[in-house]
Amino acid sequence: MTTNPSIRAYQPYAYPVSIIEAHAPQNRDWILSNFIHLAYDEHPVESPSLCFYSYDFAANPYLHTIKADREWMQRWIGRSFAEFVHAQLLDGWYVYAFVDEFFVPRRPTYGKSSRHHDVLVHGSDGDAGIAHLLGYDESIRFETTRVSWAELDAAYESCANADHPWTRSFIFYKFNPTASYRFDPRFVVAELELFLASGNPGRATQGLVMPDGRLYGVAALEAYRDELLDTPPQDTGLDLHAPRALFEHSNLMSERLQTLLGDDLWRRYVSERYSRVLRFYSALPVAVFSAKQNNDRSALHRLMADFPEVIRQQISTVTDALDCRLAGFRDAERRKEPMGRDRGDMTNRRYATKEADDAGAQGS
């Protein structure tokens, strides 16, 4: 696995991506076809207010996945969790589980207080009795932590009486070398349109679970902007993960639009305009960190003045990119030739300008 995955604001999303990008770093199609939607919870209890939306963060074509709960796993683990995990790693399975970070070195609560938190065990040395855990350390860096098997066993056992459902979950991941996934421009365009319309992506899986009441897409961006604007100056409870998620979202959106349009159209119509968006979201995590850790809000105040215009720039740039791409779809249909990696009927959208038509024809 890698400690520098393109998605790492929140550990549940970061762990599977870190495995995929370590084994298949050049295959970006699945990554760019996902992580399009943002979700905002107006009344979060334990979950963050802003994060990526995913119906199931563990579902992935590049990973074999086994899910279980703690009660079921107890019959297989035996006397030592660390020894059990070591055996799984030898067979190629990464282990996602919850442990008490009171026993985990280089974690914020190590030796101080109990904190049940998720980890990915990705390595183990049987001779030394050492396991390697991935996650955020005491300096808020996504890094590997070395822990003795005795400490790992104690950390696992300390969660035995945890009553929250999440803390009782297990997920086993193994990379699937035979998997394939193809970037489908028409699917991505439809998802981007849903993002711009603040639509609820959960409706696509309503046959399995009812959609929740969170805000999505552009509405999620606007809600988070308002949250930052309304935060009292003395409030030190700023979440450091949400601005990181927006940084990752903007970077992936840039890469996604370039893949969607091709290099030539990207440079001509999108690159320069989207650069302001990228600069803003690169600066936001640093400004929020300074406000929280150093009680210095000067940089955050400067950024907040630009936030509304940055969101408008995001909307207009993505909208124009979609118009350009859809014009190319229409031209390809008119000539009965495939465009990009797929073709089909997408004539249900109005095309804004003749320039968009010309740009799409040149990109086909």
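Student: Let's start with β4. How do β4 and β8 pair, and over how many bridges?

Tutor: This is a predicted model, and in it strand β4 (residues 94-100) runs antiparallel to β8, with 3 bridges between them. For a residue to look at, take Val95: its bridge partner in β8 is Phe172.

Student: What about β3 and β8, which sense do they pair in?

Tutor: Antiparallel again: β3 (residues 63-69) and β8 are joined by 7 bridges. Thr65 is a handy marker there, since Tyr173 of β8 stands opposite Thr65.

Student: And β8 itself, is it mostly covered or mostly open?

Tutor: Mostly covered. Strand β8 spans residues 169-175, and 6 of its 7 residues are buried.

Student: OK, the other sheet. What's the strand order with β1, β2 and β9?

Tutor: The order is β2-β1-β9, an open sheet of 3 strands with antiparallel pairing. β2 and β9 (215-216) are the edge strands with a single partner each, so each has one side with no neighbour in the sheet.

Student: How many bridges hold β1 to β2?

Tutor: There are 3 bridges between β1 (residues 38-40) and β2, in the antiparallel sense. Leu38 faces Phe52 of β2 in that pairing.

Student: Switching to rings. How many aromatic pairs are there in the whole structure?

Tutor: The search turns up 20 aromatic pairs. One of them is Phe57 with Trp166: the ring centres are 5.8 Å apart and the planes meet at 20°, so this pair is stacked.

Student: Where do those two residues sit along the chain?

Tutor: Phe57 is in the loop between β2 (50-52) and β3, and Trp166 is in the loop between α5 (149-157) and β8, so the contact ties together parts 109 residues apart in sequence.

Student: Is Phe57 buried or exposed? And Trp166?

Tutor: Phe57 is at 14% relative accessibility, so Phe57 counts as buried. Trp166 is at 44%, which puts Trp166 in the partly exposed class.

Student: How are the rings of Phe102 and Phe103 arranged?

Tutor: Phe102 and Phe103 are edge-to-face, 5.0 Å centre to centre with 75° between the planes. Phe102 is partly exposed, with 29% relative accessible area, and Phe103 is partly exposed too, with 25%.

Student: Back to Phe57 and Trp166 for a second. Which aromatic cluster do they belong to?

Tutor: They share one cluster with Tyr13, Tyr15, Tyr96, Phe98, Tyr136 and Phe142.

Student: Which ring does the charged end of Arg70 sit over?

Tutor: The ring of Tyr156. The charged end of Arg70 is 3.8 Å from the centre of that ring.

Student: Pockets now. How much space lies in the second largest one?

Tutor: About 550 Å³. Its lining has 23 residues, and those nearest the centre of the pocket are Asn34, Tyr53, Ser54, Tyr55 and Phe187.

Student: Which elements give two or more residues to that lining?

Tutor: α1 (11-23), α2 (29-33) and α6 (185-196). Of the elements, α1 gives the most, with 3 residues.

Student: How does the lining of that pocket divide into nonpolar, polar and charged?

Tutor: In the lining of the second largest pocket, 15 residues are nonpolar, 6 are polar and 2 are charged.

Definitions and conventions
Residues numbered from 1 in each chain as written. Predicted model: local features only at pLDDT ≥ 70, side-chain atom pairs only at ≥ 80, totals over all residues. Heavy atoms only, no water. Buried < 20%, exposed > 50% of the residue type's maximum accessible area, 1.4 Å probe, protein only. Helix = DSSP H or I, 4+ residues; strand = E, 2+ residues; numbered from the N terminus. Pairing = 2+ DSSP bridges. Phe/Tyr/Trp six-rings, centres within 6.5 Å; stacked < 30°, edge-to-face > 60°. Lys NZ or Arg CZ within 6 Å of the ring centre and 35° of its normal. 1 Å grid on protein atoms, 1.4 Å probe; cavity = no way out; pocket = protein on both sides within 12 Å on 5 of 7 lines; lining within 4 Å. Points joined across faces, edges and corners; volume = space filled by probe spheres on them. Nonpolar A, V, L, I, M, F, W, Y, C, P; charged D, E, K, R; others polar.
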